[in-house]
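Let's take a walk through this structure together. We'll begin with the whole chain and finish at the ligand.

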Amino acid sequence: MTIRIIPTTPIAGQKPGTSGLRKKTPVFMGHHYLENFVQSIFDVVGAAGKTFVLGGDGRYFNDRAAQVILRMAAANGAARVIVGQGAILSTPAASHLIRLNKTDGGIIMSASHNPGGPEEDFGVKFNMPNGGPAPEGVTEAMYRRTTEITEYRIVEAQDLDLSRVGRTALAGMVVDVVDPVADYAALMETLFDFGAIRAMFASGFRMRMDSMCAVTGPYAVEILERRLGAAPGTCVNAVPLPDFGGMHPDPNPTWAKALMDEMFGDAAPDFGAASDGDGDRNMVVGRGIYVSPSDSLAVLAANAHLAPGYAQGLKGVARSMPTSAAADRVAAALGIGHYETPTGWKFFGNLLDAGRATICGEESFGTGSDHVREKDGLWAVLLWLNILSVRKQTVAEILAEHWARFGRNYYSRHDFEAIATEKADAMMGALRGALAGLKGQVVEGMVIAAADDFAYTDPVDGSVSTKQGVRVMFEDGSRFVLRLSGTGTEGATLRMYLERFAPGPDGLDLDPQAALAPVIAAAHGLARIAEFTGRTAPDVVT
Ligand code: G6P
Ligand code: ZN
């Protein structure tokens, strides 16, 4: 087979964001766009003699991109690629395969929770041999490479048949097409008490799992319906579609509205969950009660020991800075370490590798543990099921007991989407400029205790990340955080994270938006959001 060396020139803007390179699909399908980026990955990490994992969330262009990446891996001298059947792998399953097979990393094709389709989003990211997303130093090197690239390598060959499990070869490179679900499901069986969960379903426990026409469908059907005996039909939107059936596969109350309506309706099942495009995010809902991701992290940390995989206890709990401090209270009670990192799962990697943290979570519907190096939507769902099967209480009862014991961190996130980038930057710039003078000011009856732009020094490798979000903290323990999203593909999204602590025993069952009203008003006033952006109300509330 012929290896072709194709001359190319740099394409502007191939800078990976919070989680890989994400662009509109037509951009990715443009002349040499995918090829330039993939060659830059191989140039940085080296491909000769190496083994990689490859898979994606099945969105439009996933299958075509996989064929290109395989041809380029072969041309760059890779020894072996393990690829999910149909080029499908959920992000946590890809992370697991990278680790299980002790490979040199993997390429994941996904734009996560962003819509898919010919006019929607596509993405590519590289994960390291530990199974986690490449750290900033590596993605920066890849970006630099894209600015100087002059050629890429690709073999001339027909498409490989990825529809059948088994070993084939491409220009001397071994290609192992594997069942995308089997190894992942086996890992879950080692962590959770499948017998107890099966018994709960057998006794009439009802669940709704909404895979939002994205990648977790086959995983959910196999694990929940086949292995755990949930009623057939428990899993809905369970066939991954290239355009996610037109859904916006982001599991939050706005985009998973059908699930919310069902869980708050008369015939609500006992437990509901949804996951995102590539299967790393999750939302959990009880009958008539929404569980905020920050509370979910805290409840999982407080109860993880009820699952066999965590029976020996947790080493520590980590959360991203904008996530509520509810998990910190659990860590303090357990006498274990807690860590506050910048937004982005990659910041948990060192803590997990160093054995400092076992469970991690983010307000952005991400929860996971040291079983892989990505957040893991179905893992969170299964840990909840394991806890429910042991405690034999409703989700509402578990939350009420949790708040009575630890106090309640009322929490909400308000998103203002598709703001012109200059306006959002000007607003953040003005707020940053005003930070130094905020301490001691009284706003909405609350005294500002401190205000800063969050910076993080990684306790393991000492690396420093600055400008990770503006925080305004009040003396009563309330706070708000403002940052711009790092995952969008168009304009800017302003995220406003709101938190207020109620120690209890009174005032633990307020509506979060009402409880947070003064903090919301303070954030709008101090950041002058309407003045800079013209926005007075959020587009998404989680
Ligand atoms: C991705 C990352 C998460 C992160 C989230 C933040 O999903 O994997 O770790 O929390 O992006 O997104 P944002 O849009 O707020 O930058
Ligand atoms: Zn995702």
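**From the whole chain to the ligand**

The secondary structure of this chain adds up to 18 helices and 27 strands. Keep in mind as you look around that you're viewing a predicted model.

So what about the overall dimensions? Along its principal axes, the C-alpha trace spans about 75 × 60 × 40 Å. A handy check is the radius of gyration: a compact globule with 542 residues would have a value near 24 Å, and this chain has 23 Å, so the two agree.

Now look inside. Of the 542 residues in the chain, 54% are buried. The contacts tell you about the fold too: take those with a separation of 6 or more, and 74% of them join residues 24 or more positions apart.

Next, let's bring in a database record. An unreviewed UniProt entry places the feature "domain: Alpha-D-phosphohexomutase alpha/beta/alpha" at residues 14–152, 184–285 and 294–406. Two of these stretches are worth a visit. Residues 14–152 are 37% helix and 23% strand, with 15 Å between the end C-alpha atoms. In residues 294–406, helix makes up 45% and strand 16%, and the end C-alpha atoms sit 13 Å apart.

Finally, zoom in on ligand 1. Which residues come nearest to ligand 1? Of the 14 around it, they are Trp345, Ser364, Ser485, Gly486 and Thr487. Sort the shell around ligand 1 by class and you get 11 polar residues, two charged ones and one nonpolar residue.

Definitions and conventions: Residues are numbered from 1 along each chain as its sequence is written. Chains are lettered from A and ligands numbered from 1 in the order in which they are written. This is a predicted model: local features need pLDDT of at least 70, side-chain atom pairs count only at pLDDT 80 or more; totals for chains, interfaces and linings use all residues. A residue is near a molecule or strand if its C-beta atom, placed from the backbone, lies within 6 Å of it. Ala, Val, Leu, Ile, Met, Phe, Trp, Tyr, Cys and Pro count as nonpolar, Asp, Glu, Lys and Arg as charged, and the others, Gly among them, as polar. UniProt positions are given in the numbering used here, feature names are shortened, and annotations may be inferred rather than shown by experiment. Helices (H or I, at least four residues) and strands (E, at least two) are DSSP runs, numbered from the N terminus. The radius of gyration is taken over C-alpha atoms; the globule rule is 2.2 Å times the number of residues to the power 0.38. A residue is buried if 20 or more other C-beta atoms lie within 10 Å of its own, exposed if 12 or fewer, and partly exposed in between; C-beta atoms are placed from the backbone. Two residues are in contact if their C-beta atoms, placed from the backbone, lie within 7 Å.
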